[in-house]
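Trainee: I am new to this structure. Please take me through one part of it closely, the charged side chains and what they join.

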Amino acid sequence: MSPNLIPVLTIDGPSGSGKGTIASRVADALGWHLLDSGALYRAVGFAAGMEGLDLSDADAVTRCAQTTRISFRDPKDGGETRVIINGLDATDDIRTETCGAAASAIAAIPSVRAALFDKQRSFRKAPGLVADGRDMGTVIFPDAGHKVFLTASAEERARRRYKQLKEKGLGVTLAALLREIQARDLRDAERPVAPLKPAADAVLIDSTGMPIDAVVAAVLVLVRPPRADR
Ligand code: C5P
């Protein structure tokens, strides 16, 4: 099948809106592939940090984005998808707030985004793809048949992230997370290249106070409308 005919559901939104969880649950329900594009930016931020690069050195970080080998591996125990960077499992390393901030900084460099463009598009494989990120519906898959923009209040997003990081035993405070989330939202929304904004044809879902199952159902219904509507 030509890649352009393969169905795509894009789920964009700010950090902590639950995109990752929702995208993975929806991909499982549909039996489609999953692209966690944020993990690619995090991987480049991580690799640049390992190489001791100055994150504002656009040429050096772009070379790093072009040469870093990033792959995803299914977990053996049904847990989190493993992220392999240059042959090493860096799944936990890329989830730290420091790595999130590094990802956000390098993601503002246009040539870094260009370096990841083809890699992201290569995830479009039959029978379908669920892609989550910031610019999936606007830049990477503008022709996607289904687009969601998922959000939640900054306070709720900070609380969710706090819970996740605590469960992983990572030390953080709620106030610091809220500040970090607000700063990252602003950077992501104001950058000139691929700013965080809903695609004109995206369906907006505000998940504040919504249980995960309800959000999953609200997204699935877009792809698989109730029988009577088909
Ligand atoms: O989604 P996640 O928090 O893992 O993304 C980390 C950072 O990577 C974001 O803050 C954003 O700056 C960047 N990103 C991006 N475009 C994407 C996905 C992530 O700019 N499609």
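Mentor: Start with a network of salt bridges that links D36, E80, R95 and K168. Keep in mind that this is a predicted model.

Take one pair from that network. R95 and E80 meet through their side chains in a salt bridge, 3.7 Å from N to O. The two residues lie 15 apart along the chain. R95 sits in the loop between strand 5 (88–89) and helix 4 (97–106). E80 sits in the loop between strand 3 (70–73) and strand 4 (82–85). Are these two buried or exposed? R95 is partly exposed, because its relative accessible area is 21% and the buried class ends under 20%. E80 is partly exposed too, at 33%.

Now look at D36, another member of the network. Strand 2 covers residues 33–36, so D36 belongs to that strand. Strand 2 is part of an open sheet of 5 strands, with the order 2-6-1-7-8 and parallel pairing. Strand 2 and strand 8 (203–206) stand at the edges. Each has a single partner strand, so one side of each has no neighbour in the sheet. On average, neighbouring strands here are turned by 20 degrees against each other, direction ignored.

Stay with strand 2. Its pairing with strand 6 (residues 129–133) is parallel and runs over 4 bridges. L35 stands opposite A131 in strand 6. Helix 2 (residues 37–50) lies across both strand 2 and strand 6. Its direction makes an angle of about 40 degrees with strand 2.

The network is not the whole story. The count of salt bridges comes to 17. Side chains of opposite charge can pair when their charged atoms come close. Two further pairs are worth finding.

One is E97 with R184, at 3.4 Å from N to O. E97 is in helix 4 and R184 is in helix 8 (residues 174–190). They are 87 residues apart, so to speak of distant parts of the chain, this pair links them. Both E97 and R184 are buried.

The other is D201 with K147, whose closest N and O atoms are 3.2 Å apart. D201 lies in the loop between helix 8 and strand 8. K147 lies in strand 7 (residues 146–151). The two are 54 residues apart. D201 is partly exposed, with a relative accessible area of 48%, whereas K147 is buried, at 6%.

Conventions. Residues are numbered from 1 along each chain as its sequence is written. This is a predicted model: local features need pLDDT of at least 70, side-chain atom pairs count only at pLDDT 80 or more; totals for chains, interfaces and linings use all residues. Side-chain values use heavy atoms; hydrogens and water are left out. Two strands pair if DSSP finds at least two bridges between them. Axes are lines fitted to C-alpha atoms, for helices over the stretch in contact, and angles run from 0 to 180 degrees between N-to-C directions. Contact means heavy atoms within 4.5 Å. A salt bridge is a side-chain nitrogen of Lys or Arg within 4 Å of a carboxyl oxygen of Asp or Glu. Buried means under 20% relative accessible area, exposed over 50%, partly exposed in between (1.4 Å probe, protein chains only).
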